[in-house]
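Got your viewer open? Let's take a short walk through this one, stop by stop.

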Amino acid sequence: MMSAIKRENDENNSPSETGADRSALLYQKALSLMPGGCSRNTVLRRPNPLYAQSAAGCFVTDIEGTRRVDFANNMAALIHGHAHPEITTPVTEQLQKGSAFTLATEAEIDYAEHLCSRNTGFDKIRFVNSGTEAVMSCLKASRAYTGRAKIAKVEGAYHGLYDYAEVSQTASPGNWGEASKPNSVPVAFGTPQAALDDVVVIPFNDAPRAIAILDEHKDELACVLVDLLPHRVGLIPASTEFVIALREWSENNGALLVFDEVITFRNGYGGAQDNYPVTPDLTAMGKMIGGGFPVGALAGNSEVMDVMNPLNNKVLFPHSGTFSANPVTMVAGLSAMKLFDREAVFRLNAQGDRLRVMITDVIAQADVPACVTGTGSMFRIHIKPTPPTNYRDAYASPQETKLMTALVDHLFDNGFMMINTCSGTLSTVMTDRELSHFAEVLLAGLIRLKPQFDALKSSATLTE
């Protein structure tokens, strides 16, 4: 089996200036400057993180000269891989004109027009700077529109760093409470109890239980927040029944329905919501719509979006941001999304379907208790014999987590960058060659780890 790792030795550098020594030295310096030596926990590895040198297409090369296929794509933020010339060229041109102004730019209007044209539910749009900020703005807009304070969200779903949005994203068996009435569990120490009290947690894909919980707060809820393919819940799609039930409930009870499509907008021309007979009141976007630059956006119907209108006599939600709609991001995003036309969306999703079939076949060949979930251009491998149906099913035991980490490390050491939950995303620059090679490396890893899988299976059998 050919290795995907490519060594690119730089003859001009001495060994002490390259390789693991340089990574270790950089990390020691970083530890003295940043908590944990980083600004994003997701880059950490043992004994030290590796540092990127360059990237092109679907490959990233680190400072050691090792090249890997990128299935992480900056946590699903890249849809066309790295340094795509049809994005870098217009961005370079814009940089030469200026990166940000206290003036409006035509680029913002052009991009707003394009994104609104992709989804009939997008009457108006506003740009922000991250997915977290987009979700936060949706929640604040919902409160401003309804005059209510509470929000409802799915147990385990990740929606960014905002106090209210992050509740229960890391709930565990010791604190998550009854399935019929999940607890509001804080993530960060010191989260105000008042914030927890204003978040109603509902189970995923369980419409009867969810509606029963919502009914208890029907006069208090500003909105119901839903990710249609929540990563931390297991990367399993929301059922049509579940989504319709939430839409009907919100309409009947004066609340808004908010879709978090920060990650999932890649799964359809108008987002993952293209696959459902439901239109939300607001949609949060981010990640890949920035074309490789920081971005966020919220879009929805005119009446709800009007709470941000500064021309109103009374502005219910004053909204602004120093770098919101900066022309560099607008140009990059518009270039990327024009490239991601209907044909490109269809082609990439079909490629995702093929890869999930390949992974399922590999798991069967290795004869290990594992499975793959996901739709469109995203996938996740679980150390479980059958696909989970909700957050509690998807929750990984310490033994499963240890085995999953070993599998992610095997893939990394053999040329594939993954998201640390053994999840991956495709980019339009990938070919079937990369997918086939991934399947080969995955099979080798599962076979190598089979004794650990068997031990896990035996342990599970004994506890039943």
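Start with the second largest pocket, which holds about 710 Å³ of space. A pocket here is an open set of points on a 1 Å grid over the protein atoms alone, where a 1.4 Å probe fits, with protein on both sides within 12 Å along at least five of seven lines. The volume is the space filled by probe spheres set on the points, joined across faces, edges and corners.

This is a predicted model: local features need pLDDT of at least 70 and side-chain atom pairs 80 or more, while totals for chains, interfaces and linings use all residues. Residues are numbered from 1 along each chain as its sequence is written, and side-chain values use heavy atoms, without hydrogens and water.

Now select Glu 108, Ile 125, Arg 126, Phe 127 and Ala 325: of the 31 lining residues (an atom within 4 Å of a point), these are the closest to the pocket's centre. Next, colour helix 4 (106-117), strand 5 (124-128) and helix 9 (302-305), the elements giving two or more residues to the lining. Helix 4 gives the largest share, five residues.

On to the cysteines. How many disulfides (cysteine sulfur pairs within 2.5 Å) does the structure hold? Zero. Pick Cys 138: its nearest cysteine sulfur, on Cys 223, is 8.2 Å away. Cys 138 counts as buried (under 20% relative accessible area, 1.4 Å probe, protein chains only), at 0%. Then jump to Cys 371, where the nearest cysteine sulfur, that of Cys 422, is 11 Å away. Cys 371 is buried too, at 6%.

Notes. A disulfide is a pair of cysteine sulfur atoms within 2.5 Å. Buried means under 20% relative accessible area, exposed over 50%, partly exposed in between (1.4 Å probe, protein chains only). Helices (H or I, at least four residues) and strands (E, at least two) are DSSP runs, numbered from the N terminus.
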